Amino acid sequence: MYQSDVEQCKRLKYEFENMSKLADVTGVLNVYEYDPIENSYIMEACEKNLYDFLNEHIGLSVRDRLNIVLQIVVALNAAHEKNIIHRDLHLGNILKKGDSFLLSDFGLSKDLSVIRSLKTTSTPKNAHYFLDPLALNNLKNYDALSDMYSVGKILEYIMTYDGSLLDDEINFIINKATNRIKSKRYSNMSLMYDDISNGINNFERQRLEAVTYDEIKNGIWNNQTNKRIMELINSNKIAFEIVRLKLINFAQIIIQMPPDDQQLLLENLEQNYIDATGYGGFANYEIFSTICYQLLLMGVRDPIQNICTHILEGCSQYRFKSNRQYQELIQKGIIKQSA
């Protein structure tokens, strides 16, 4: 229907030329063999668009979601460096091929095509809210920061499409990318890339930390749990984490540690357990007394035995349970009552 429309034929060629300029960009769809007679070109086949992919993959991990956005950001950054902007980014023209997500439809987003798009019914795939509202009244205002706005909205959609909630870090990135004052947006895609990459690293660190703490709670001692424990010891936070996580069976971890590390950990607890109980948190003394009580029952020897005895004795002054543990070990001859 557009074969006789000279302007649209020019735009199709313009799109082909733009995408050809981006042939070396991994994240842009490849195009081939422009035919000026048929006003057509060939492009590589893809599996589906991002909208359909997300509908088929509910519950993607945070890392997978952010990696999709990173691919978009990298491709756009490369395009912007070649002075090519997209101006019509939405879920329908981000295409999946293998493990990659590719940008398509460069060029036809110009002027008349955007106007035509806005006259069509908005759908979740190409909803108008992906377009920068600051440029809608004057399409010449579309620029690289308009692409930035669209990426921010795409990031928001990807993070929440299945009802997932935004965390503060990602919410900050979205708000910065879509700020209604253009000068307050990211000035370029690489800055946004850095913040998303940091977000991935933070999520990965939190995930690994959660796994590590689960292993600690279950009495699993390995290289990762040992590394985390030593970090907490060196930062004088081990006693506070024991209280926060209610690690009442932490003795199962301590007994698996090398003797020198055991002593280092117990010395740290001895220095910090009173502060770690918190104001009015007298019940927390039972956590430390139980850890020491269990270690003493396991037959630890000096200097660890002496440190455990001192901590248990201190806790016994505040909690009946701790005092019973202390008195039981005295009766069994495992420890001696302080003079």
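## Salt bridges and a cavity lining: worked exercises

The side chains of E204 and R63 form a salt bridge, with an N to O distance of 3.5 Å. This pair links distant parts of the chain, since E204 lies in helix α7 and R63 in helix α3 (residues 62-81), 141 residues apart. The model is predicted.

**Exercise 1.** Determine which accessibility class applies to E204 and to R63.

*Solution.* Step 1: the class "partly exposed" covers values between 20% and 50% relative accessible area. Step 2: E204 has 27% relative accessibility and therefore counts as partly exposed. Step 3: R63 has 38% relative accessibility, so R63 counts as partly exposed.

**Exercise 2.** Describe the salt bridge between E204 and R207, and state where the two residues lie.

*Solution.* Step 1: the side chains of E204 and R207 meet at 2.7 Å, N to O. Step 2: both E204 and R207 belong to helix α7, where they stand 3 residues apart, about one turn of the helix. Step 3: R207 counts as partly exposed because its relative accessibility is 44%. Step 4: elsewhere, D132, D143, K182 and R185 are joined into one network by salt bridges that share partners.

**Exercise 3.** State how many salt bridges the structure holds, then characterise the one between E56 and K48.

*Solution.* Step 1: the structure holds 16 salt bridges. Step 2: in the pair of E56 and K48, the closest N and O atoms are 2.6 Å apart. Step 3: a salt bridge requires a side-chain nitrogen of Lys or Arg within 4 Å of a carboxyl oxygen of Asp or Glu, so the distance must be judged against that cut-off. Step 4: K48 has 24% relative accessibility and therefore counts as partly exposed. As a general principle, side chains of opposite charge can pair when their charged atoms come close.

**Exercise 4.** Identify the residues and helices that line the second largest cavity, and classify the lining.

*Solution.* Step 1: the structure holds 2 cavities of 30 Å³ or more, and the second largest contains about 30 Å³ of space. Step 2: its lining consists of Y213, I216, I229, L232, I238, E241, I242, L247 and F250. Step 3: at least two lining residues come from each of α7 (189-217), α8 (223-234) and α9 (238-244). Step 4: α9 gives the most to this lining, with 3 residues. Step 5: by class, the lining of the second largest cavity comprises 8 nonpolar residues, no polar residues and 1 charged residue.

Note on methods: Residues numbered from 1 in each chain as written. Predicted model: local features only at pLDDT ≥ 70, side-chain atom pairs only at ≥ 80, totals over all residues. Heavy atoms only, no water. 1 Å grid on protein atoms, 1.4 Å probe; cavity = no way out; pocket = protein on both sides within 12 Å on 5 of 7 lines; lining within 4 Å. Points joined across faces, edges and corners; volume = space filled by probe spheres on them. Helix = DSSP H or I, 4+ residues; strand = E, 2+ residues; numbered from the N terminus. Nonpolar A, V, L, I, M, F, W, Y, C, P; charged D, E, K, R; others polar. Buried < 20%, exposed > 50% of the residue type's maximum accessible area, 1.4 Å probe, protein only.
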